[in-house]
Amino acid sequence: PWDYNLSFSTHGMHSARDAINYPIDTVFSGVSGEDRPLVGKLLEVPEYRERYRSYLEKIAVEYVDSGLFAQTVDTLNGEIEDYVREDATTFSTFEAYQAGIEALKLFGQLRSQSVLGQLEGSVPSTQEEQAGSENLVDASALDLSALGSMGMGGGFPGRMPQAPDGLPAEE
């Protein structure tokens with residue numbers, strides 16, 4: 001899914017297995033193609049469906065499997081790591097941030113493996129086909145919670161206390 005907060009599947013996914021193996025031919029989460037007619041109609045056209053799938057392959061092969069994704073994560077981490085370590089208003093600990101960096105790189109590797117398997121047919125590519133399938137990528141090494149959470153309304157360490165409506169609580 002795209003355009004979600006916590007876009008690496010930590011919002012709405014209940015397991016690393018589901019996030020890693022999210023079916024590439026079930027592009028909607030919680031709605032149908034009729035509810036998202038622009039994308040739904042585009043993917044009904046074989047030429048556009050093939051282009052979508054070729055973009056997935058290109059991202060997996062040329063960006064993730066080539067090592068460029070991990071290199072980019074490491075480069076960006078190197079630029080912000082000291083600031084994250086010293087941030088007094090952080091949402092989390094520095095150790096959790098570091099675990100998140102490693103989890104993000106592992107997520108990329110495993111997701112790429114699943115996408116390529118779905119494109120070649122060794123991994124099912126729809127929700128219906130995946131139900132009960134044993135042919136999914138093993139994601140047991142990934143701690144999905146290391147990629148973040150919504151905090152479940154508990155507020156954030158170092159931040160103002162929040163009232164039930166999400167506004168800062170009055171003192």
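Where does H14 lie relative to α1? In this predicted model, H14 belongs to the segment before that helix. With a relative accessible area of 76%, H14 is exposed, because the cut-off for that class is over 50%. A partner from far along the chain can be named as well: L144 is 130 residues away from H14 in sequence, yet the two C-alpha atoms are 8.7 Å apart in space. A look at the whole chain helps to place this pair.

Six helices and zero strands make up the secondary structure of the protein chain, and the pattern along the sequence accordingly reads α-α-α-α-α-α. Of the 171 residues, 30% are buried. The surface that the chain exposes comes to about 11,300 Å², and carbon and sulfur atoms supply 54% of that area. Among contacts with a separation of 6 or more, residues 24 or more positions apart account for 68%.

Confidence deserves a word before the details. The mean pLDDT of the protein chain is 84, and 80% of the residues reach 70 or more. Residues 152-162 are a stretch to read with this in mind, as their pLDDT is below 50; beyond near neighbours in sequence, the stretch has 15 contacts in the model.

Turning to the interior, which residues of the largest nonpolar core touch the most other members? They are I20, F107, L110, L142, L144 and L147, within a core of 23 residues. Two or more residues of this core come from each of α1, α4 (68-86) and α5 (94-120). Helix α5 gives the most, with seven residues. L144, one of the residues that touch the most other core members, is also the residue whose C-alpha atom is 8.7 Å from that of H14.

Two residues of α5 show how this helix meets other parts of the chain. L110 lies in α5 and is buried at 10% relative accessibility, since the limit for that class is under 20%. Leaving aside neighbours within four places in sequence, L110 is in contact with I20, V137, D138, A139 and L142. Two of these partners, I20 and L142, are listed with L110 among the core residues that touch the most other members. L110 also has R17 at a C-alpha to C-alpha distance of 9.6 Å, although 93 residues separate the pair in sequence.

G100 is likewise found in helix α5, and its relative accessibility of 12% makes it buried. Beyond the neighbours within four places in sequence, the contacts of G100 are with A146 and L147. L147 is another of the residues that touch the most other core members. The C-alpha atom of S145, 45 residues away along the chain, is separated from that of G100 by 8.5 Å.

The polar residues offer further detail. Is T26 buried or exposed? Its relative accessible area of 12% places T26 in the buried class, and its position is in the loop between α1 (16-20) and α2 (37-44). Once neighbours within four places in sequence are set aside, T26 is in contact with S125, T126 and Q127. With Q127 there is a specific approach, in which the side chain of T26 reaches the backbone nitrogen of Q127 at 3.0 Å.

R53, found in helix α3 (residues 46-65), is buried too, at 15% relative accessibility. The contacts of R53 outside the neighbours within four places in sequence are I24, D25, Q118 and L119.

Aromatic rings complete the picture. A pair of such rings is described by the distance of the centres and the angle of the planes. Two aromatic pairs are counted in the model. One of them joins Y63 and F69, with 5.8 Å from centre to centre and 70° between the planes. This pair is edge-to-face, because planes over 60 degrees apart fall in that class. How do the two partners fare in terms of accessibility, and which is buried? F69 is the buried one, at 13% relative accessibility, whereas Y63 is partly exposed at 30%.

Key. Residues are numbered from 1 along each chain as its sequence is written. Side-chain values use heavy atoms; hydrogens and water are left out. Rings of Phe, Tyr and Trp (its six-membered ring) pair if their centres lie within 6.5 Å; planes under 30 degrees apart count as stacked, over 60 as edge-to-face and the rest as tilted. Buried means under 20% relative accessible area, exposed over 50%, partly exposed in between (1.4 Å probe, protein chains only). Helices (H or I, at least four residues) and strands (E, at least two) are DSSP runs, numbered from the N terminus. A polar contact is a pair of N or O atoms within 3.5 Å; within protein, one must be able to donate a hydrogen and the other to accept it, and residues adjacent in sequence count only if both atoms are side-chain atoms. Contact means heavy atoms within 4.5 Å. Accessible areas come from the Shrake-Rupley method with a 1.4 Å probe; for residues, only the protein chains shown count as cover. A nonpolar core is a set of buried Ala, Val, Leu, Ile, Met, Phe, Trp, Tyr and Cys residues joined through side-chain atoms within 4.5 Å. pLDDT is the predictor's confidence in each residue, from 0 to 100.
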